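Here is a short report on charged side chains that pair up. Look at the sequence and the structure first, then read on.

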Amino acid sequence: MRTLPATPPPAPIPAASPQQPGTQGISGGQPKAFLRPGGFSLYQGEAVPQQQRVRRLALIFLLDHVRGWWVRVQMAGFLLPAIGFAIYVLVRANLPSAALTVPKAERMAHILQNLRWSFSIDLGFLLLFAASRLAPLITRDANAGALLLYFSRPLQRDHYLVARLAATGTLAFALLAVPQTLLLLVQMGVFGLDIGSSAGSALGIWLYLLLGTLLSSAFAAAAVALSALAAGVLVRAPSTVPLVYGGGILASLVASWVTQAAWGRDSLGRALDLHNALGGLQRLMAESSQWAQYPDFAWHIDLLGSGLWLALGAASTAILLKYLKNPPLGRGRA
Amino acid sequence: MAQDSPIATASQVSRTFDEVQALRGLDLAIPKGIVGVLGPNGAGKSTLFRLLLGLDQADQGDIVVLGHRMPDDALQVRAKIGYMPEDDSLFPGLDGLQQVVLAAQLCGLARVDALSRAHQVLDLVGLTDARYRLAAGYSLGMRQRLRLAMAVVHGPELLLLDEPTAGLDPDGRAQMLALIQEIAGHGVSILLSTHVLSDVEAICQYIVLISRGQLGFAGDMARFRAGSNGHTWRIGVLAQADRLVEALREQGIAAQLDRSDVLVEADVDQATLVWQAIAKADVAIHHFGPLEEDMGSAFVRHLRLDDPLRRQGQDAVAAALGEAP
């Protein structure tokens, strides 16, 4: 005869915690818990349009970048080169000895050189900042399982990328453009309209320099934001991302040095230095009125370097889009 | 408790990852209410959730959620769905309130509404005092409740909960289940994936069991727990149950004692014989109904029925022991 199954007693349902003062129990069957007054209610409000959500997300990302005193100290460091050059300009302009002040014929070169050096130093800072702070962002999201939280809500993956890029690019732009603009304004205050053949041409030069500075900052910021985020998704652990991005920049510098050592300073190897190539963007845009004064070769190197960054930007975009087509969803799955 | 039209359906859905077939021709209609999704590890539960959310695309078959085809209408559907993932996922670097506000804003709530709703649901889940603390510093139970708050802040029609009580102590589990019941009481349908059978038993009205990527069982709790072949009955006897066992066996009906009750294996058309045996044994009974297994036994049995290899193995063991399979 077949044995019939015996039935063990049902599993006990865990007891609820005792009711706390100021709380109320919910009615209904087992199990019970004690909830704060108010309970659950359905949301009846309107949903905001998708574009507004993406803008809001970008703002949240941006505010996330500037959270913490150490980050703010780092960002304040971007002002140091501009402040240093501004002090230098002010001191030289106010020296009692006329022999030490900048002669009118050299003022333009003086202004451009200050801008170029300040921009170049800040670019170095930005690359370091991007390696340590910006590049790990997407991998950090993936490791924390946040990508799953974003994409399980009504948000397109492209929109996440747009918001990330907008926040990262805006921050990078501000870090580059604000110090350069301040330095430019100080120089404008010191030299006034006494740099051109007429007041009108001087005003034109200042506006041109301002526009060039802002444009080159924007292009450099976009290039750094794209490349940093793309480098970040190539590795799994957020802690290794700075090594990958920083290592890539350093490798380009070494490659440039080696090439120049082998074939001379005026070789195409100069364009391999990614930091110098980004500076080329500024020289092309802010100093284009002075091209006639530069050797043709330097202009070509700057052009080549800018082309290299454009290609890097395109490749970075492709990498990011491919990554987000099949992103790691879930904690620790980066 | 199947009511109205289903909130989600899957027709012949298959999904393969590399060599692994996570779902194979799954047919499913999920009713409103609290539905427990059961299955062993790797059965395809998480894959089903991702397909319902439009995070992944089926290789073949159709999925309709809240009247929308997936993944074509994924954005519309996700606005109406709340999802609490199995992983310990949180937005990095944010405090409890900011987590919930961001979740609300991603679902389209305006900032003011998001803030107001976030406070409301944080109160609901009992995180009022911890709302301004970094969420990464929360205990596991607090993080689970926070994720529930993030899932419901936009007032979804359907809530997908993947292992919501995993790792919680009994008190935390009871609170989480009560929260789920509270939310379901407002007309929110809930799909609860869990390994904790007592959780399902406590709050679910309908059960879906997935095994090896296929539907193992779909139905209400009574059907899930109905006896091994659907023909086993429990008779509660006040006294002298052994006399009833003897009388039933004389009628040719399999019966055995189970404490003070008698378990009887009989078809419905044999009911008359059973009543005759009760009359013949002259015993007083207080209960006569289909045998309900405990959840664990029912779970294993439904897996076994679904798994031919396992069933063959069981039968082979039974034969070796000299029992009829």
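In this predicted model, the side chains of Asp88(B) and Arg143(B) form a salt bridge, with 2.8 Å from N to O. Asp88(B) sits in the loop between strand 6 (81–84) and helix 3 (96–106) of chain B, while Arg143(B) belongs to helix 5 (residues 140–152) of chain B, so the pair ties together parts that are 55 residues apart in sequence. Are these partners buried or exposed? Asp88(B) is buried, with a relative accessible area of 18%. Arg143(B) is buried too, at 15%.

The table lists three salt bridges of chain B.

| Acidic partner | Basic partner | N to O distance |
|---|---|---|
| Asp88(B) | Arg143(B) | 2.8 Å |
| Asp123(B) | Arg131(B) | 2.6 Å |
| Asp261(B) | Arg234(B) | 2.9 Å |

Take Asp123(B) and Arg131(B), which meet in a salt bridge. Asp123(B) is partly exposed, with a relative accessible area of 24%. Arg131(B) counts as buried, at 9% relative accessibility.

Now turn to Asp261(B), whose side chain meets that of Arg234(B) in a salt bridge. Which elements does this pair link? Asp261(B) lies in strand 13 (residues 261–265) of chain B and Arg234(B) in strand 11 (residues 232–237) of chain B, so the bridge ties together parts that are 27 residues apart in sequence. Both Asp261(B) and Arg234(B) are buried. This pair also belongs to a network: salt bridges with shared partners join Arg234(B), Asp258(B), Arg259(B) and Asp261(B).

How many salt bridges are there over all chains? The count comes to 14.

Methods
Residues are numbered from 1 along each chain as its sequence is written. Chains are lettered from A and ligands numbered from 1 in the order in which they are written. This is a predicted model: local features need pLDDT of at least 70, side-chain atom pairs count only at pLDDT 80 or more; totals for chains, interfaces and linings use all residues. Side-chain values use heavy atoms; hydrogens and water are left out. A salt bridge is a side-chain nitrogen of Lys or Arg within 4 Å of a carboxyl oxygen of Asp or Glu. Helices (H or I, at least four residues) and strands (E, at least two) are DSSP runs, numbered from the N terminus. Buried means under 20% relative accessible area, exposed over 50%, partly exposed in between (1.4 Å probe, protein chains only).
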